[in-house]
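User: Hello! I would like to go through the empty spaces in this protein with you, one step at a time.

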Amino acid sequence: MPGLDWLTARPLAHRGLHDASAGTIENTASAFSAAIAGGYGMETDLQISADGEAMVHHDDALGRLTEGNGRLADMTAAEIKKVRFKAGSDRILTLGELCDLVAGRATLVLEIKSRFDGDRRLVRRVGEVLASYAGPVATMSFDPAAIEAVRAVAPGLPRGIVAERHYAHAEWGRFPPGVKRRMAFLLHANRTRPHFVAYGVKDLPAVAPLVARFVFGLPLLTWTVRSEADRRTAARWANQIIFEGWRP
């Protein structure tokens, strides 16, 4: 897709420019406002509510950062918006509220969270909200089927695939080795047709993302850059970083 220079023009703050010790919690209006003030773009996460709204939150359940312990998919958007964070005064945003807050002032990269269960409500809602958003925005997901759905629902919306080499974290334990291998080597690309790749910095260099960048010309983002050592790796292999806990 032509015209994606904005995607790699500035470093992307992972879940906004957050600092829990200062009361600025990830994926909140305060963290996004701080990223804008710092001149950064931002990456954030989306979950689906019970009534089909796109909610800005990383975890699929409450409890780590918030009061309560319910699953977001079992709660309405109105119920989720009433939830308090354990620190700070922010509340969980809808995607529409995030778009209103950012208003085109910074690049938005939206990670579509997926349970790999074929539920495409979140993709459809993202397409609906972004249809009227004029700012620089892109979608991405670990789930190739979600990105394939973005391609079908909103073919003009920039879409990327998030991947890593080993998928060693316990959350990937339910996936057969063959499935993880196909994701690591981007073997779904004929179906997903990603416009960019976001690959784990600890896994660079790796064949698949470098072929995507240097052979097919796709922008390569890398995550999550948390140190100067990570930055040096990123500078050698990637076009731009998604960073956290450290400022480039």
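User: How much space lies in the largest cavity?
Analyst: Happy to help, and please keep in mind that this is a predicted model. The structure holds one cavity of 30 Å³ or more. The space in the largest cavity comes to about 30 Å³.

User: Which helix gives the most to the lining of the largest cavity?
Analyst: The lining is made up of I112, V123, V126, G127, V150, V153, A154 and L157. At least two of these residues come from each of α4 and α5 (144-153). With three residues, the top contributor is α4.

User: How many charged residues does the lining of the largest cavity have?
Analyst: Sorting the lining by class gives seven nonpolar residues and one polar residue. For charged residues, the count is no residues.

User: Now for the largest pocket: which strand gives the most to its lining?
Analyst: The pocket has about 1,100 Å³ of space, and 41 residues line it. Elements that each supply at least two of them are β2 (41-48), β5 (108-112), α4 (121-130), β6 (137-141) and β9 (220-225). The biggest share, three residues, comes from β2.

User: How many charged residues are in the lining of the largest pocket?
Analyst: Nice one to finish the class comparison. The pocket lining includes 14 nonpolar and eight polar residues. The charged ones number 19.

User: Which residues lie nearest the centre of the largest pocket?
Analyst: These come from the 41 residues of the lining. Nearest the centre are H58, E111, K113, F142 and E171.

Methods: Residues are numbered from 1 along each chain as its sequence is written. This is a predicted model: local features need pLDDT of at least 70, side-chain atom pairs count only at pLDDT 80 or more; totals for chains, interfaces and linings use all residues. Side-chain values use heavy atoms; hydrogens and water are left out. On a 1 Å grid over the protein atoms alone, a cavity is a set of points where a 1.4 Å probe fits but cannot get out, and a pocket is an open set with protein on both sides within 12 Å along at least five of seven lines; lining residues have an atom within 4 Å of a point. Grid points are joined across faces, edges and corners, and a volume is the space filled by probe spheres set on the points. Helices (H or I, at least four residues) and strands (E, at least two) are DSSP runs, numbered from the N terminus. Ala, Val, Leu, Ile, Met, Phe, Trp, Tyr, Cys and Pro count as nonpolar, Asp, Glu, Lys and Arg as charged, and the others, Gly among them, as polar.
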